[in-house]
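Work through the exercises below with the sequence and the 3D view side by side. Try each task before you read its solution.

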Amino acid sequence: MTITKLVNATLALAVLAVGMLALSYQPAGAHGERAQEPFLRMRSVQWYDLKWSPETVAVNETMKVSGKFRFSPETHWPQTLAKPEVAFLNISHPGPVFVRKASFINGINGANSTRFKLGADYEFEITLRGREPGTWHVHTMINVLDGGAIVGPGKWVTVTGSRADFTNPVTTLTGETVDLEFYGLANNLLWHGIWLAIAAVWTVYWLAGRLFFSRHRMVAAGRGDELIRPFDRILSFAMLGIAIGLTIFGYVWANNKWPITLPLQSARESIVPLPDETNKVQVTLERATYRVPGRSMTMNLKITNTSNTPVRLGEFATATVRFINPVVGTMDDTTASYPNDLLAEEGLTVDNNTPIAPGETRVVQVTAQDAAWETERLSSLIFDPDSRFGGLLFFYGADGKRQISDVGGVLVPIFI
Ligand SMILES: [Cu+2]
């Protein structure tokens, strides 16, 4: 008796604990984006020119997330990460707080997975429709088959209004307008209910009033056949008939009700990258160090300007963090609205800011310093077995044009 009481009390406590946990849940505020290993974030996809516009929408209103991304070149791509042979441009936010209405990559429909080229640039635009009121962290994201999710920068955006007002109307190819939020829901619930009821009858019939142990002994003694009563056979055949009949009826009924259906499209898209305009400033990394006490990374770069205009280094971007050189001043609208925690407005220092003339080769020392190395947990890179980094350098020409060069290599830590 005592043991039974103990077991009962333990069970009751367990149920209570689970119940309390379920009651005290809180929605997740972030996505664990900082938990992803720095080398994966720094050497896979670099996002730039990002916009979340507008940053506040009402339920049913449209927000567009747009910008560009570049896959790291073969030389920087981590060998442990699968290449984007099959990949999908995605968006990450906490649950279905938006619905995605459209997504385009270089103007091509991004509803399907696609193959991306390493080292190439792509332009994208994702259209979201506000669904759940609240303030949400919205990230860009690329899912790579066998590689997982590569998360881009996240921005806090707001949805106002009432959840009850949400609708998701679409016009089908047959000209009918339906609300996708509830479309097919009643039918779905009905069929689930029917099959659940059948399953319940079947389970209760075979379990109620029949003891397992005595039946097991009968079966073990070779007298299993005696356990089946005549009505059991009748019911079994009846249930088989009902199951097959319902399936056929459901099929015929659905075919009549929806004579035109198209299967989900699963073909792979093939998207041509943006034209390569970015190779006019050649950068060679001579040495890169990360000074732990100063939260600063220093790169010695050999820069050759092969464009026909003088250029200056304005920005270093890696793993969604942007280090801006205030001397060159690249605070355009997109930069000003970039997530604050990922923007080091005066984070980049170049030892020589005089423009690099066309044809000139110069060795410069560049320092990227900001608390973001710690807050974004990028500095833990130095403790990785693969302590290499990657990123983009943005050069601004006197003609107003921008040149984007890849940079990357070994990062050596300095502890004093
Ligand atoms: Cu987030």
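**Exercise 1. Domains and overall form**

Task: State which domains the protein is assigned, and how far apart the centres of domain 2 and domain 3 lie.

Solution. Keep in mind that this is a predicted model.
- Step 1. The assignment gives domain 1 as 33-171, domain 2 as 185-257 and domain 3 as 281-414.
- Step 2. Take the C-alpha centres of domain 2 and domain 3: 68 Å separates them.
- Step 3. Turn to the whole protein. Its radius of gyration is 30 Å, while a compact globule of 416 residues would have one near 22 Å.
- Step 4. Add the box. Along the principal axes, the C-alpha atoms fill roughly 95 × 65 × 45 Å.

**Exercise 2. Counts for the whole protein**

Task: Find how many helices and strands the protein has, then describe its burial, contacts, surface and charge.

Solution.
- Step 1. Count the elements: 7 helices and 23 strands.
- Step 2. Look at burial. Of the 416 residues, 39% count as buried.
- Step 3. Take contacts between residues at least 6 apart in sequence. Of these, 69% join residues at least 24 apart.
- Step 4. Now the surface. The accessible area is about 23,100 Å², and carbon and sulfur atoms account for 60% of it.
- Step 5. Finish with charge. There are 37 positive and 38 negative side chains. The centres of the two sets lie 7 Å apart.

**Exercise 3. Buried or exposed?**

Task: Decide whether Ser-92 is buried or exposed, and do the same for Phe-212.

Solution.
- Step 1. Place Ser-92. It belongs to strand E4, residues 87-92.
- Step 2. Read its relative accessible area: 11%. Buried means under 20%, so Ser-92 is buried.
- Step 3. Place Phe-212. It sits in helix H4.
- Step 4. Its relative accessible area is 65%. Exposed means over 50%, so Phe-212 is exposed.
- Step 5. Check the rest of the helix. H4 covers residues 212-220, 9 residues in total, and the number buried is 0. Helix H4 therefore lies largely in the open.

**Exercise 4. Distances across the chain**

Task: Give the C-alpha separation of Ser-92 and Arg-215, then of Phe-212 and Asn-279.

Solution.
- Step 1. Ser-92 and Arg-215 are 123 residues apart along the chain. Their C-alpha atoms are separated by 53 Å.
- Step 2. Phe-212 and Asn-279 are 67 residues apart along the chain. Their C-alpha atoms are separated by 75 Å.

**Exercise 5. Backbone exceptions**

Task: Which residues does a cis peptide bond join, and what is phi at Asn-60, Asn-106 and Gly-222?

Solution.
- Step 1. Start from the usual case. Most residues other than glycine have a negative phi, and most peptide bonds are trans.
- Step 2. Find the cis bond. It joins Ser-53 and Pro-54, with omega about -10 degrees. Pro-54 is in the loop between strand E1 (45-53) and strand E2 (56-58).
- Step 3. Go to Asn-60. Its phi is positive, near 80 degrees. Asn-60 lies in the loop between E2 and strand E3 (62-71). With a relative accessible area of 21%, Asn-60 is partly exposed.
- Step 4. Go to Asn-106. Phi is positive here too, near 50 degrees. Asn-106 lies in the loop between strand E5 (98-105) and strand E6 (108-109).
- Step 5. End at Gly-222, just after H4. Its phi is positive, about 80 degrees.

Methods. Residues numbered from 1 in each chain as written. Predicted model: local features only at pLDDT ≥ 70, side-chain atom pairs only at ≥ 80, totals over all residues. Heavy atoms only, no water. Domains from an automatic or database assignment. Helix = DSSP H or I, 4+ residues; strand = E, 2+ residues; numbered from the N terminus. Rg over C-alpha atoms; globule rule 2.2 N^0.38 Å. Buried < 20%, exposed > 50% of the residue type's maximum accessible area, 1.4 Å probe, protein only. Contact = heavy atoms within 4.5 Å. Areas by Shrake-Rupley, 256 points an atom, 1.4 Å probe, with all protein chains shown as cover. Lys, Arg positive; Asp, Glu negative; His and termini not counted. Charge placed at Lys NZ, Arg CZ, Asp CG, Glu CD.
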